[in-house]
Amino acid sequence: MSKVFSAHAVSVDGYVSGRTPDGDKEFGRGLGDAPMLFDWYFDGDTPSRLFDGFKLSEPSARVFDTAAARVGATVAGRTTYEHSSHWGGGGPHPTAPLFVLSHRPAPEISEKQTLVTTGIEDAIAQARAVAGDKDVALMGGGVLTSALEAGLVDEVILHQVPVLLGGGRPFFQDLPEHVRLRLIEAVPAPGVTHLRYEVAR
Ligand SMILES: NC(=O)c1ccc[n+]([C@@H]2O[C@H](COP(=O)([O-])OP(=O)(O)OC[C@H]3O[C@@H](n4cnc5c(N)ncnc54)[C@H](OP(=O)(O)O)[C@@H]3O)[C@@H](O)[C@H]2O)c1
């Protein structure tokens, strides 16, 4: 059976997006808010095999492309979808279809995207069905938390960036109980440490 995993760039103080440079309260509008979380996409000489325009350090390219090649479908939270400008009607991955999880209608959803309002189990089941023997990637701390609560997550990948953002949108959210993780890979690279954890069941 295919796996379910998440991969997020996270500051050491646990934020996945930062606040606006002028310090207003409109947190977390995506990449532009905290470009330092994603500098490692572009700070090397090794082009990504899957993402046009990405030039990473050699160890980051290896980790990034390995994870990207696993993805057969993506499930993103509504906030990530909104903060990513709906990916212009496409998705975050060059080939994998996108499922957007929400409790509300999304009039802007395109014919290439699928809105799911029937819960995380259904979203992951639909994503699995199209992913075939590839894996399902989760995007957004809220979606990851829902999936962890449902016991549906196999791996959590953190691209930990050595910065304290000091504010923004926290990645980690409340869970009803502890979730034990096992570190299965740690790859230090320029400007980022790639940490791959398996969810212990
Ligand atoms: N650094 C990175 O690598 C990275 C990666 C991805 C995203 N991001 C950023 O991280 C932030 C994500 O924010 P977030 O973690 O608060 O949100 P999120 O997971 O993207 O979205 C949360 C929303 O998803 C919907 N949702 C979640 N679980 C659900 C469930 N079980 N059933 C139905 N709907 C459900 C709800 O939408 P409704 O309120 O509509 O019901 C909820 O408010 C964004 O700023 C994004 O740009 C960063």
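Here are legends for a few close-up views of a predicted model with a ligand in its pocket.

**View 1. The largest pocket and the residues around its middle.** Let's start with the empty space itself: the largest pocket holds about 1,200 Å³. Its lining is made up of 47 residues. If you want to find the centre, look for His8, Thr80, Trp87, Met139 and Gly140, the lining residues that lie nearest to it.

**View 2. Who builds the wall?** Quite a few helices and strands chip in at least two lining residues each. On the strand side these are E1 (4–11), E2 (15–17), E5 (71–77), E8 (135–139) and E10 (169–170). The helices doing so are H1 (58–70), H2 (78–83) and H4 (141–149). Which element gives the most to the lining? That's E1, with 5 residues.

**View 3. What kind of residues line the pocket?** Sort the lining by residue type and you get 23 nonpolar, 22 polar and 2 charged residues.

**View 4. The ligand at home.** The space that the ligand takes is the largest pocket, the one from the earlier views. Elements E1, E2, H2 and H4 each give two or more residues to the shell around the ligand. That shell has 24 residues, and Ala9, Thr80, His83, Ser102 and His103 come nearest to the ligand. By type, the shell splits into 6 nonpolar, 15 polar and 3 charged residues.

**View 5. Zooming in on polar atoms beside the ligand.** Start at Thr80, where a polar side-chain atom lies 2.5 Å from one of the ligand's oxygen atoms. Thr80 is also one of the residues nearest the pocket's centre. Next, find His83: an N or O atom in its side chain is 2.7 Å from an oxygen atom of the ligand. Now for Val16, where the backbone takes part: a polar backbone atom there is 3.0 Å from a ligand nitrogen. How much of the ligand's accessible area does the protein cover? On its own the ligand has 920 Å² of accessible area, and the protein covers 85% of that.

Conventions. Residues are numbered from 1 along each chain as its sequence is written. This is a predicted model: local features need pLDDT of at least 70, side-chain atom pairs count only at pLDDT 80 or more; totals for chains, interfaces and linings use all residues. Side-chain values use heavy atoms; hydrogens and water are left out. On a 1 Å grid over the protein atoms alone, a cavity is a set of points where a 1.4 Å probe fits but cannot get out, and a pocket is an open set with protein on both sides within 12 Å along at least five of seven lines; lining residues have an atom within 4 Å of a point. Grid points are joined across faces, edges and corners, and a volume is the space filled by probe spheres set on the points. Helices (H or I, at least four residues) and strands (E, at least two) are DSSP runs, numbered from the N terminus. Ala, Val, Leu, Ile, Met, Phe, Trp, Tyr, Cys and Pro count as nonpolar, Asp, Glu, Lys and Arg as charged, and the others, Gly among them, as polar. A residue is near a molecule or strand if one of its heavy atoms lies within 4 Å of it. A polar contact is a pair of N or O atoms within 3.5 Å; within protein, one must be able to donate a hydrogen and the other to accept it, and residues adjacent in sequence count only if both atoms are side-chain atoms. Accessible areas come from the Shrake-Rupley method with a 1.4 Å probe; for residues, only the protein chains shown count as cover. A molecule sits in a cavity or pocket if more than half of its atoms lie within 2 Å of its grid points.
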